[in-house]
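Trainee: I would like to request a close look at one helix and at what comes directly after it. Please then set that part in the context of the remainder of the model.

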Amino acid sequence: MKIKLMRCCALVILGFITTLVQAQDYNNAQQLAQRLRSLASSSSSASLESLTKTLGGKDIWMLTLGTGDVDNKPAIAVVGGVEGKHLLGVEMAVRFAEDVIANRSELLENTTFYVFPNMSPDATEQYFAALKYGRSGNAKPTDDDRDGRLDEDPFEDLNGDGMITMMRVYDETGDWTTHAADARVMVKADKSKGEKGTYKYFTEGRDNDLDGKFNEDGQGGIHFNKSLTYEYAYFTPGAGEHPVSELENRALLDMLYTKWNIFSVVTFGPGNNLSSPWKYNRAGASKRVVTSILNGDDDINQLVSSKYNEIVGLKDAPRSDDQGGDFYQWAYFHFGKLSFGTPGWWVPTVKGDSTAAPNKDKNAEVNFIRWAAQEGINNAFVEWTAIDHPDFPGQKVEVGGVAPFLMMNPPLEKIGDLGEKHAEFIAELAGMQPEIKLVNVKSESVGKGLTRITADLYNAGTLPTHSTMGQRSRWLRRVKVALQLDGNQEVVSGRKVQLIRNVDGDEAQQLTWLIKGKGSVTIEAGAPHTGIVSSSVDLK
Amino acid sequence: MKRIIQKLTVAACFVATAFTVQAQNADEVFRAAGSPHNPKVQISFNRYYTAEGLAALGKKIADAYPNLVKRVSIGKSYEGRDMWMLQITNFEKGDPDRKPGFYVDGNIHSNEIQGGEISIYTAWYLTENYGDIDFVTEMLDNRIFYIVPTINPDARNNYMQEPNTGSSPRAGMIAMDDDQDGLFDEDLPDDIDGNGSITQMRRKSPTGNMIVDPQDPRKMIAIGVDDNVPADVVRYEFLGQEGIDNDGDGQVNEDPHGYYDPNRDWAWKWQPDYIQRGAYKYPFSVPENRAVADFVLAHPNIAGGQSFHNSGGMILRGPGAEEDLSTYNRADIRIYDAIGEKGEKILPGYRYLTVYKDLYSVFGGELDWFYGSRGIYTFTNEIFTSFAYYKNNEGGRRGGNLSYDVDSELLMGDAFEPWKTFNHPTYGEIEVGGFKKNFGRATPGFMLEEECHRNMAFTLYHAYHMPNLSISNVEEKDLGGGLKEITATISNDRLMPTHASQDLKYKIERPDYISIAGVDVQAGMIVEDADFGVTTEQKVNPAKLEVANIPGDGFVKVRWIVSGKGKYTITVDSAKGGLVTK
């Protein structure tokens, strides 16, 4: 305990020193606040506000990076900490913001960034607690096993190492066995291959409520990334009683719904449609309740994904961990924005040499242990050690397994320049943003005080003003083209106000009016997420 | 506009004076069967009340019956009005929030107003008859009602006090950008003739396809291609609902109040606006609904629910969406059917229907959340049907001359605004007229008390069938060696189980606890078959047996093996079934 405290103090001090350079370890809530404040105070283009406090008393921070009329420039929301176990997501979001201010401030002339670095601050704090375990839930007490008792069966640190790992019980009736490539790793016996299990396998702890299940209702909480509306999994642990039940979810969504200029959302979390894009599925896209990216939007995802892979250079991504109620799918399917997600880093695949047993099924734990050994990370695995377990008198019980957090959150020196690379990618995405322009604006006299005006409404960006989903959503404004006339001018033909559903990237739409009168008229065109421009035309 | 304000002020004065009227002397009245004959609180049930009117009536009832009514605000509306709930039970008997609870609300759609009056009528009826009618007395001794007359008070007032049709605003008062032009609620309908109702606009036009019915100047007839209309007959064209192009975008009335639908905001299988129009940001982003949901989540004793809409004469159950068909399973549908079919008898002209197939298929409805997410048997009634006018279905639903006949024969011409000429900024000379907003969906005054009573009767039948638990039998058997076997039968003599099958499937509510105190418990078990001695033992904490469900019109048997002498007590503790001790 004392040792832990001292280490924490050391970390805090270290944190203060290194904020100026680059953080060397993940930030606790206090360090994050300090780091965000110093970023906000370092530049007039950055401002910081707290949207709310969680039940655990932690701030939900929002950084706005932008200049001038920030809410009327196309914007990207960058969100981290959607999964509480994934501290790297927080780090990537903050590094992005720091990188923009330090190295890419010219981006802010045309684009605004809203950065929400940590949506799970109650959960991420467990990384810094005396007892470490991967935690996704906030501070709300929950009845995870729905038996009428709250938080009655938590973890216990049986081997006293300050971490919750796993426990295996030697038992003929068990379904688990050891992995062929590394006997420390447990896998389910494959009965179809005639294998028999010899272990029971649980998380580390006691069966406090004697219901035969271990640690099924500990400090539960609501998982941010399980509690949004898209494919919400009712009555599952961490999802809560209904979607968007929590203060932090509501605060974020309420804020996002006021930012009409957001055209895209980038999430650092478990979901990954950047290494491999979402695939269009006709059946899923044509149902009323849409479950597939829509036709056309898959091409956008493909394009953005190829830019990502080109810039970031990460390979061998594990299968994307999309789950019901998660944020990045919500951002597309329910918020109607172009949504992209990446964990930002994953354990590289170790190409074993001939001395190592082949990892045939690409077991993630086996690969992780090999990678950690190769990188000289020596606390990656807690070796199995026997303990006396009161729930298993007379049985052989061992505690051990992969240490919490590390598989998703490597020591920060291992991520190299991935922070900058991801910033570069987001800058590339900003460079593709829809950009409405009025070009080829002409006026010609038709005689007798009548002027014909023509103009091309041109999207100079790469991305469409409205994706297929964006055209369906009420949360993107139409491209509005309005003529401003004085009292003596009259539209004889054409619409004074028109709303346009979409202009594709590098496409134009010709507009024409007949105006009676003298002087000049102003054409205003755009939407907050495409930029708004105006052009003055002299009547002939 | 001015005219309607004046009219309302007059109405408000009437309300105020009504409150000061004292009960009649007993020798001046004679009881009509089934109704309080000399109530402490006098209420006219042949008119409608604004949000403030309902609030005042609720207060009056609560003040008159402090032992039977608690009036609490469960939250604030968007515009800051209190959401008043009347909690009605015998507060002197038992823990009120541990009695089986029945939730009632009205007016989620702001123009669908009758629920407010039905709610007030129910509160009034229960309190005025407590002690006089045994059914009512027992109901309030053993059950609690949570009644919220309007869960959309802001827009209820908008419907009544601002220009509207009978079908608007339906939403609440949160401004939305319907045409996605960056402006919010910028093109509302306009009351050109100033009568408080949004009616129709027509214009004389040589190319028009309508003429005035020569037999009824209120009525328009469409001209068919084969009709031979004489050249001197004036032709008209319809120009839609009364309004002007307020924002100069070339469209009329395209961004009215809202629009969102508070009944697409509930958290069961919620879907966004593009899937079914009306959803707002996320479930319970409409503040009035959030207040209700938070209350219901905090009151697991609520076993039955009722919401009042209009119109069409329907008793609706879920599912709201076809995709949600599997949520409603056979065991629960059997209970819905029993109550719904009784409703068809109590409410002549009403039909018991299922939302997704008989109305429309939508997500996020209130009744689906109550049932799907909380396991509460819930109906929505669409109040009023044209059957009521002449007690038959002749003239058809919305068909023929019915509305015109009712206007002249039953309502003495009060329903229709005659056509008058106005000058429209875009359309020039037009005529405005048509049926007023309080006709068509809202029950006419002379039938309103009956409407209230029948809907209340249906609600009370539903509430009666919430679980009613008793420890109906306790048997003892000496096992020798100082051991005794105690077998208790817990009965439920009503239709509803303590856990709907949806509840059991997802463990929504905790199990029922049946516990014994005063003896040492060696073992405890649930008796599956008493005759053959089939039991399931509960190894942990046997003194407090956990029973998944106590079925409707059924029982469970539990057994303890105990030692020790003396008195013992058995307690049944069920979230929805209440607390019983013997």
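Which residue follows α3(B), and is its phi positive or negative?

Mentor: The model is a predicted one, and every value below is computed from it. The residue that follows α3(B) is Gly131(B), and its phi is positive, near 90°. The helix itself comprises residues 114-129 of chain B. A simple check on its geometry is available: at 1.5 Å a residue, its 16 residues should span 22 Å, and because the end C-alpha atoms are indeed 22 Å apart, the expected and computed lengths agree. As background, an α-helix has 3.6 residues a turn, so residues three or four places apart point the same way. In the present case, 15 of the 16 residues of α3(B) are buried, so that the helix is mostly covered.

The chain around this helix may be described next. Chain B has 582 residues, of which 48% count as buried, and its secondary structure consists of 13 helices and 23 strands. Its C-alpha trace spans about 110 × 60 × 45 Å along the principal axes. Among the contacts in chain B with a separation of 6 or more, 75% are made by residues 24 or more positions apart.

A second place to examine in chain B is Glu382(B), where UniProt, in an unreviewed entry, places the feature "active site". This residue belongs to strand β12, which covers residues 377-383 of chain B. Is Glu382(B) buried or exposed? A residue counts as buried if 20 or more other C-beta atoms lie within 10 Å of its own. Glu382(B) has 21 such atoms within 10 Å, and it is therefore buried. Leaving aside residues up to four places away in sequence, Glu382(B) touches His309(B), Asn310(B), Ser311(B), Gly312(B), Gly313(B), Met314(B) and Leu316(B).

The last two of these contacts lead to strand β10, residues 314-317 of chain B. Met314(B) and Leu316(B) point one way from β10(B), whereas Ile315(B) and Arg317(B) point the other way. All of them are buried, Arg317(B) included. Strand β10(B) pairs in the parallel sense with β11(B), residues 351-354, over four bridges. Within that pairing, Leu316(B), which touches Glu382(B), has Leu353(B) as its bridge partner.

Antiparallel pairing can be followed through strand β14, residues 428-435 of chain B, which has six of its eight residues buried and is mostly covered. Strand β13(B), residues 416-424, runs antiparallel to β14(B) and is joined to it by seven bridges. The connection between β13(B) and β14(B) is a hairpin of three residues, and His424(B) stands opposite Gly428(B) in β14(B). Strand β14(B) also pairs in the antiparallel sense with β5(B), residues 200-204, over three bridges. There, Arg202(B) has Glu431(B) as its bridge partner.

Chain B further contains an open sheet of four strands in the order β20-β17-β22-β23, with antiparallel pairing. Its edges are formed by β20(B), residues 544-547, and β23(B), residues 578-581; each has a single partner strand, so one side of each is left without a neighbour in the sheet. Direction ignored, neighbouring strands of this sheet are turned by 15° against each other on average. Within the sheet, β17(B), residues 512-517, and β22(B), residues 569-574, pair over five bridges, and Tyr513(B) stands opposite Asp573(B) in β22(B).

The other chain of the model completes the picture. Chain A has 540 residues, 45% of them buried, with eleven helices and 20 strands. Its C-alpha atoms fill a box of roughly 105 × 55 × 55 Å along the principal axes. Of the contacts in chain A with a separation of 6 or more, 71% are made by residues 24 or more positions apart. An unreviewed UniProt entry assigns the annotation "domain: Peptidase M14" to residues 25-318 of chain A. Over residues 25-318, chain A is 22% helix and 16% strand, and the end C-alpha atoms are 24 Å apart.

The two chains also meet: the contact takes 26 residues from chain A and 25 residues from chain B. On the side of chain A that touches chain B, there are ten nonpolar, five polar and eleven charged residues.

Terms used: Residues numbered from 1 in each chain as written. Chains lettered and ligands numbered in written order. Predicted model: local features only at pLDDT ≥ 70, side-chain atom pairs only at ≥ 80, totals over all residues. Pairing = 2+ DSSP bridges. Helix = DSSP H or I, 4+ residues; strand = E, 2+ residues; numbered from the N terminus. Axes fitted to C-alpha atoms, helices over the stretch in contact; angles between N-to-C directions. Expected span 1.5 Å × (residues − 1). Buried ≥ 20, exposed ≤ 12 C-beta atoms within 10 Å, placed from the backbone. UniProt positions renumbered as here; feature names shortened; annotations may be inferred. Contact = placed C-beta atoms within 7 Å. Nonpolar A, V, L, I, M, F, W, Y, C, P; charged D, E, K, R; others polar.
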